[in-house]
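Trainee: Please take one part of this model and go through it closely, strand by strand if need be. Then set it beside some other parts of the chain.

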Amino acid sequence: MTAISPTPTSRDRPHRAAERMARAWSLAIAGTSYVSMNGLEVQDFLTSLSTRLIQALTAETFDPTDVREVGSTLVAAHFTEPTTLERTLAVLAEQFGNAPTKRCAQIQGALASGYALALRDRVLDEQEEIRTAALWARARAEEGRRVSEARFQAIFAGAAIGMSVSTIDGQVIEVNQALCDMLGYTPEELRSMSFDDFVLPEDPPTAGAMFEEVLSGGRDQFRIEKPYVHKDGHRVWTDLVASIIRDEDGRARWLVAMFEDITERYLLQVRLRHQALHDPLTQLPNRTMFFDRLGALLEDAEHSDARVGVCYLDVDGFKVINDTLGHDVGDQLLQTVARRLARSISGEHQLVARMGGDEFVVLIEGCGGVEDVVAVAEKALDTVRAPVHVGGHEISISASIGVVEQPLRGTSAAEVMKAADTTLYWAKADGRNRLALFDAERHAREVKAYELSASMPAALERREFFVEYQPLVRLSDGVTIGVEALVRWRHPRFGVLGPDAFIGMAEETGLIVPLGRWVLHEACRQAAEWRRAVGDRAPIMSVNLAVRQMRDRTIVRDVRAILEQTGLPPELLQLELTESAVMGTGGDPIEDLNALAALGPRIAIDDFGTGYSNFAYLRNLPVHSLKLAGSFVAGLRPPEGADPVDQEIIAAVIGLAHTLKLSVTAEGVETAEQATRLLELGCDTAQGWYYASSGPASAIKL
């Protein structure tokens with residue numbers, strides 16, 4: 001039989017699918033109920049219902065209302081036998097075999113619910129008729145009492161639902177055959193029982209109170225779903241309606257109870273509830289059950305000091321296993337991991353759930369501290385690390401786990417899981433096969449970094465960035481021969497931020513290209529103003545270019561355009577690049593470097609000594625200057641005396657640079673002793689706090 005696809009591809013295909021489904025449906029339920037329709041009328045009737053079910057299947061958002069109406073429509077058409085519902089659900093399972101399991105289960109559950117509610121209402125109507133007949137019979141004259149009693153007895157004895165009559169003190173005095181058949185007892189056996197014999201641990205908590213309220217006269221009727229024990233031992237779930245019968249004086253005399261067997265519906269609901277709360281692949285609780293459990297803990301912890309632990313686990317390299325060995329092997333691997341976790345972490349207050357994909361989570365209720373949660377996480381790591389044999393392969397796997405332990409009060413499920421997800425990311429970023437503990441301060445720093453990254457584009461438009469300048473001083477006479485442009489961010493919330501706080505993020509997001517272009521334009525504009533003001537005494541403007549800027553195709557065009565727009569002579573511009581931007585690469589970056597040099601600016605290698613430091617490669621590049629990293633210069637600082645190793649390195653770099661006709665600038669000069677020693681070693685220029693910190697253009701003395 002052809003299953004129905006949830007995505008029809010033509011306009012008339014849903015109708016044909018409905019007709020096919022109706023034919024299968026009519027064959028399945030033929031003879032299960034007595035209806036006043038012939039075969040063709042039944043098929044037309046079921047076609048309209050099939051159309052509604054298919055629409056519910058293919059809808060983007062599932063609405064159970066229409067599906068419930070399909071169930072109630074079946075009952076209204078007198079398809080009322082339990083076999084009809086059973087076969088209808090089987091047809092849905094077969095016809096919707098290609099549909100998502102969850103949607104199919106939702107449709108089955110909604111249809112069964114509508115069917116059961118309609119059938120229940122029908123039974124209630126019958127019950128109301130019985131009660132009305134009983135009251136009417138009692139009110140009639142004495143000469144008609146025997147007729148009324150006979151009629152009631154006929155209805156009582158022949159009713160399709162179970163019925164009993166009991167005294168107010170709970171002693172059963174009459175039962176009908178339907179109730180005997182339902183529970184497997186003889187009338188005599190049931191008449192020898194009382195209410196206490198039917199009390200079970202599975203009874204709803206409110207059942208006892210309802211009985212007491214009815215028996216005490218506080219209410220005339222109640223309705224409840226309650227289990228009973230069949231004589232052979234199995235449970236029979238019933239929809240119980242109990243009513244008080246009063247005499248002419250209004251005193252409660254008897255309790256009439258009506259029982260509808262809803263065992264099949266109850267078991268179906270149990271199955272559907274299990275499917276809704278468990279992962280179909282691993283049979284572990286799913287994310288819905290996890291969040292329900294966590295939410296319940298949070299609700300109960302408003303006025304307590306209870307704590308909670310969460311271990312968020314991700315199988316390392318699972319995608320590679322799926323891609324290389326196939327999804328079947330991947331599914332078997334997940335099932336094995338799930339079984340191991342369920343066995344090894346099975347405490348009374350611990351819940352292991354699958355969140356989806358290769359992610360699992362452990363919820364630890366009432367933990368005593370971080371040590372308890374770490375112990376569970378380490379046990380999980382050890383459990384996952386054991387080799388797995390699936391599909392003829394022995395697979396060695398590991399996991400990364402984010403660990404969160406915190407008070408329940410004052411938090412939410414979303415915040416707990418955000419912390420767990422963040423910590424899992426830390427564990428994977430730190431090398432996998434490990435656990436990481438949630439660190440609120442680190443998280444706050446990352447949140448701040450994210451906020452900066454997110455607000456950076458708008459900040460550039462609002463001109464929150466500005467440029468400061470630091471002098472480049474010639475060591476031989478102390479004259480300022482250049483300045484370095486350094487970008488700052490005047491953030492409305494965090495104050496003035498240096499480049500260390502945002503340049504890395506700008507490079508990651510790509511915003512470094514427009515930001516660097518703006519800095520270059522602003523620096524060149526200022527340098528041009530100095531040129532017009534002091535002529536030949538104008539300093540060289542040194543501007544940093546990031547790696548990503550050098551790899552941008554427009555870099556040469558941008559520099560040319562900025563020089564033309566600002567009117568700055570190219571020889572007054574120095575472009576600083578890190579070693580990683582120019583060393584050990586080929587192709588476009590080197591071509592662009594040559595093209596930049598051809599425009600006329602000087603090229604300097606910034607932070608030299610921290611990267612490749614390849615002089616053989618450097619000799620073939622159009623470089624004019626090297627800037628020694630501040631870490632080397634720091635080694636020349638007293639009082640302990642200059643570090644001989646750093647001193648030798650600096651001397652060697654300066655000597656080799658001069659051999660290649662390159663000037664050398666030392667960064668991070670903070671003392672007169674450093675400046676003196678650098679001059680003795682032959683260094684050409686220097687910059688640092690010893691001379692001046694960065695400041696506005698007006699602070700530069702020309």
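Mentor: What follows starts with a sheet and the parts around it, then turns to helix packing, cores and single residues.

This is a predicted model, in which local features need pLDDT of at least 70 and side-chain atom pairs count only at pLDDT 80 or more, while totals for chains, interfaces and linings use all residues. Residues are numbered from 1 along each chain as its sequence is written, and side-chain values use heavy atoms, with hydrogens and water left out.

The part to look at is an open sheet of five strands, ordered E7-E8-E6-E11-E12, with mixed pairing. Helices (H or I, at least four residues) and strands (E, at least two) are DSSP runs, numbered from the N terminus; two strands pair if DSSP finds at least two bridges between them. Strand E7 (350-356) and E12 are the edge strands; each has a single partner strand, so one side of each has no neighbour in the sheet. On average, neighbouring strands are turned by 20° against each other, direction ignored.

At the E12 edge, E12 runs parallel to strand E11 (residues 399-407), and three bridges join the two. Glycine 402 is placed opposite alanine 436 in E12.

Two helices lie against these strands. H13 (residues 327-344) lies across strand E6 (307-315), E7 and strand E8 (359-365), and runs at about 10° to E8. Axes here are lines fitted to C-alpha atoms, for helices over the stretch in contact, and angles run from 0 to 180 degrees between N-to-C directions. H15 also packs on the sheet, where it touches E6, E7, E8, E11 and E12, and its direction makes about 145° with that of E11. Contact means heavy atoms within 4.5 Å.

Now to the other edge. Glutamine 350 is in strand E7. It counts as partly exposed because its relative accessibility is 25%; buried means under 20% relative accessible area, exposed over 50%, and partly exposed in between (1.4 Å probe, protein chains only). Neighbours up to four places away in sequence aside, glutamine 350 touches Ile345, Leu363, Ile364 and Val376. From glutamine 350 to aspartate 430 there are 80 residues in sequence and 27 Å in space, C-alpha to C-alpha.

The loop between helix H15 (413-429) and strand E12 (435-437) holds arginine 432. This arginine 432 has a positive phi of about 65° although it is not a glycine. Most residues other than glycine have a negative phi. Arginine 432 is partly exposed, at a relative accessible area of 38%. Arginine 463 also has a positive phi, about 60°, and is not a glycine. Its loop runs between helix H16 (440-461) and strand E13 (465-474), and arginine 463 is exposed at 56%.

Further along, helix H18 (residues 512-534) packs with helix H20 (residues 555-566) at an angle of about 35°, their axes 9 Å apart. The contact uses Arg517, Leu520, His521, Cys524, Arg525, Ala528 and Arg532 of H18 and Asp558, Val559, Ile562, Gln565 and Thr566 of H20.

H18 also gives the most residues, eleven, to the largest nonpolar core. That core has 76 residues, and Phe465, Tyr469, Phe502, Met541, Leu573, Leu575 and Leu678 have the most contacts inside it. A nonpolar core is a set of buried Ala, Val, Leu, Ile, Met, Phe, Trp, Tyr and Cys residues joined through side-chain atoms within 4.5 Å. Leaving out residues up to four places away in sequence, leucine 678 touches Leu475, Val633, Leu636, Ile650, Ala666, Val669 and Cys683. A second, separate core has 39 residues, among them Ala77, Leu85, Ala99 and Ala112. In soluble globular proteins, nonpolar side chains tend to be buried together.

Two threonines finish the tour. Threonine 88 is in helix H4 and counts as buried because its relative accessibility is 1%. Apart from neighbours within four places in sequence, threonine 88 is in contact with Trp25, Ile29 and Leu111. Threonine 88 and glutamine 687 are 599 residues apart in sequence and 85 Å apart in space, C-alpha to C-alpha. Threonine 80 sits in the loop between helix H3 (64-76) and helix H4 (82-95), and counts as buried at 18% relative accessibility. Threonine 80 touches Ser33, Val75, Tyr115, Leu119 and Arg122, residues up to four places away in sequence not counted.
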